[in-house]
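Student: Please take me through the helix packing in this model, up close. After that, I'd like the backbone oddities and the cysteines.

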Amino acid sequence: MLLLPGAPGLAQVAPYSVTGDAIEAPLEDLAGDAARGAAVTRNRETANCLICHAIPDTREPFMGDIGPPLAGVGSRLTEGQIRLRLVDPTRLNPDAVMPPYHRVAGLTRVDERFRGQPVLTAQEIEDVVAFLATLKDRKE
Amino acid sequence: MKRAAPLALLAGLGLAALAVAAEVRPPQDYLSPTLRAQQDDPSRHPGWLWVDEGEALWRRGDPSCQSCHGDIAGMAGVAARYPVVAQDGALLNLEGRIERCRMRHQGQPAIGYESEALLSLTTAVASRSRGLPMSVAVDGPAAAFLEQGRTLYETRQGQLNLACGQCHDDNAGRRLRGDVISNGLGTGFPAYRLEWNGVGSLHRRLRACQLGVRATQFELGAPEYTALELFLAHRARGLPVEAPGLRR
């Protein structure tokens, strides 16, 4: 793990810049892997995306409907737009319900087991971006 | 941001009517028909075993609860008014009041939050208010506790950065995995939860929601939770006590 002295936690969050409603550049210039991203998206311990979203897969039981269905998200949004929505949706809408998956600053009363760490690493964010970009079809 | 045909999805789940409820509805309105029927039928509701046990405890001890308060039937309406501010200024929920009676009037050590004995007594007392409308006092010394509870309810918390109301107001009626989100009221507690395989307190349920958003949990019986309990009780004003509730 890369931990800079004096900046615990923050070192685990990749720097990024926002253009419009997107983060155009991949975090830390990492390449995403869609298959790994599919696994992260389904993981019930970490990302737990399906607690709130449905993906086009009839084998997945009990998907949530708090967030919009992710079918077709790869046609609706660019990779850069998806990246910002994963990293910190409150940058688009201060009242966003979707959790910030790559942010540690400005959070209240975080469980000490997770304090100073983002929910997903930069690599995991890139993997999920790659997976969501493959969800082109609205139907299914 | 656009939402892709959420209405079609909700209609498919038969939840369109409940989705994004503007008003606060009783938890029983969000139960599946099976659970709802079971909650209403003591013969099929395991929570009533705790009521029976609590009624036995009510008559036991020296002096017994009964020797001061008479038959437990006299407890009707009490749960609808709790939490209350006690003479010494502390905010007490039903559990806290029962513990105080034990220590001050029965000369016994505290039984302990979430002990089967305290859960049984609390459930037995609360069951006597079943169906009665919630009406807690929030004026005078209670006002500050109400605001403390409201602040906790409205503040985003945890690594997932969510406030209670973002689920229980903005998304009530929608699905979080296998659960249908209710308005997050305390009126069904203590409740028998299938996941717990037993009866648990409201504070135990609140700990589960805090764990869900990866926030630091308060201890069972913590004053922060009791203030939140007062806020939830005030949110539920006019709605019926459902304890013992039956939950997934």
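Tutor: Let's start with one helix and its neighbour, then move outwards.

This is a predicted model, with local features needing pLDDT of at least 70, side-chain atom pairs counting only at pLDDT 80 or more, and totals for chains, interfaces and linings using all residues. Residues are numbered from 1 along each chain as its sequence is written, chains are lettered from A and ligands numbered from 1 in written order, and side-chain values use heavy atoms, with hydrogens and water left out.

Helix α3 of chain A covers residues 79–87, and its packing partner α4 of chain A covers 122–133 (helices are DSSP runs of H or I of at least four residues, strands E runs of at least two, numbered from the N terminus). Their axes sit 10 Å apart at an angle of about 130 degrees (lines fitted to C-alpha atoms over the stretch in contact, with N-to-C angles from 0 to 180 degrees). That makes α3(A) oblique to α4(A) (under 35 degrees is roughly parallel, over 145 roughly antiparallel, 65 to 115 roughly perpendicular, the rest oblique). On the α3(A) side the contact uses A:Glu79, A:Ile82, A:Arg83, A:Leu86 and A:Val87 (contact is heavy atoms within 4.5 Å). From α4(A) come A:Ile125, A:Glu126, A:Val128, A:Val129, A:Leu132 and A:Ala133.

α3(A) is mostly covered, with eight of its nine residues buried (under 20% relative accessible area; exposed is over 50%, partly exposed in between, with a 1.4 Å probe and protein chains only). Among those buried are A:Gly80 and A:Gln81, along with both A:Arg83 and A:Arg85. The buried set packs against α2 (73–76) as well as α4 of chain A.

Just past that partner, in the segment after α4 of chain A, you'll find A:Arg138. A:Arg138 is exposed at 54% relative accessible area. Leaving out residues up to four places away in sequence, A:Arg138 touches A:Ala71, A:Gly72 and A:Arg76. Its C-alpha is 14 Å from that of A:His53, 85 residues away along the chain.

Chain B has its own crossing: α8 (142–154) and α11 (223–235) pack at about 95 degrees, axes 7 Å apart. That makes α8(B) roughly perpendicular to α11(B). B:Phe145, B:Leu146 and B:Tyr153 are among the α8(B) residues in this contact, and the α11(B) side includes B:Leu228, B:Phe231 and B:His234.

Now the backbone. Most residues other than glycine have a negative phi, and most peptide bonds are trans. A:Asn48 goes positive, with phi of about 50 degrees, in the loop between α1 (34–42) and α2 of chain A. A:Asn48 is buried, at 18%. B:Glu114 has a positive phi too, near 70 degrees, in the loop between α6 (94–105) and α7 (116–127) of chain B; B:Glu114 is buried at 19%.

For cis bonds, look at B:Tyr82 to B:Pro83, where omega is about 0 degrees. B:Pro83 sits in the loop between α5 (78–81) and β1 (84–85) of chain B. The bond from B:Phe189 to B:Pro190 is cis as well, omega near 0 degrees, with B:Pro190 in the loop between β4 (179–180) and β5 (191–193) of chain B.

And the cysteines? Searching the whole structure turns up zero disulfides over all chains (the cut-off is a pair of cysteine sulfur atoms within 2.5 Å). A:Cys52 has its closest cysteine sulfur in B:Cys167, but at 6.9 Å that's too far for a bond. B:Cys65 isn't in a disulfide either, with the nearest cysteine sulfur, that of B:Cys101, 7.4 Å away. A:Cys52 counts as buried at 18%, and B:Cys65 counts as buried at 17%.
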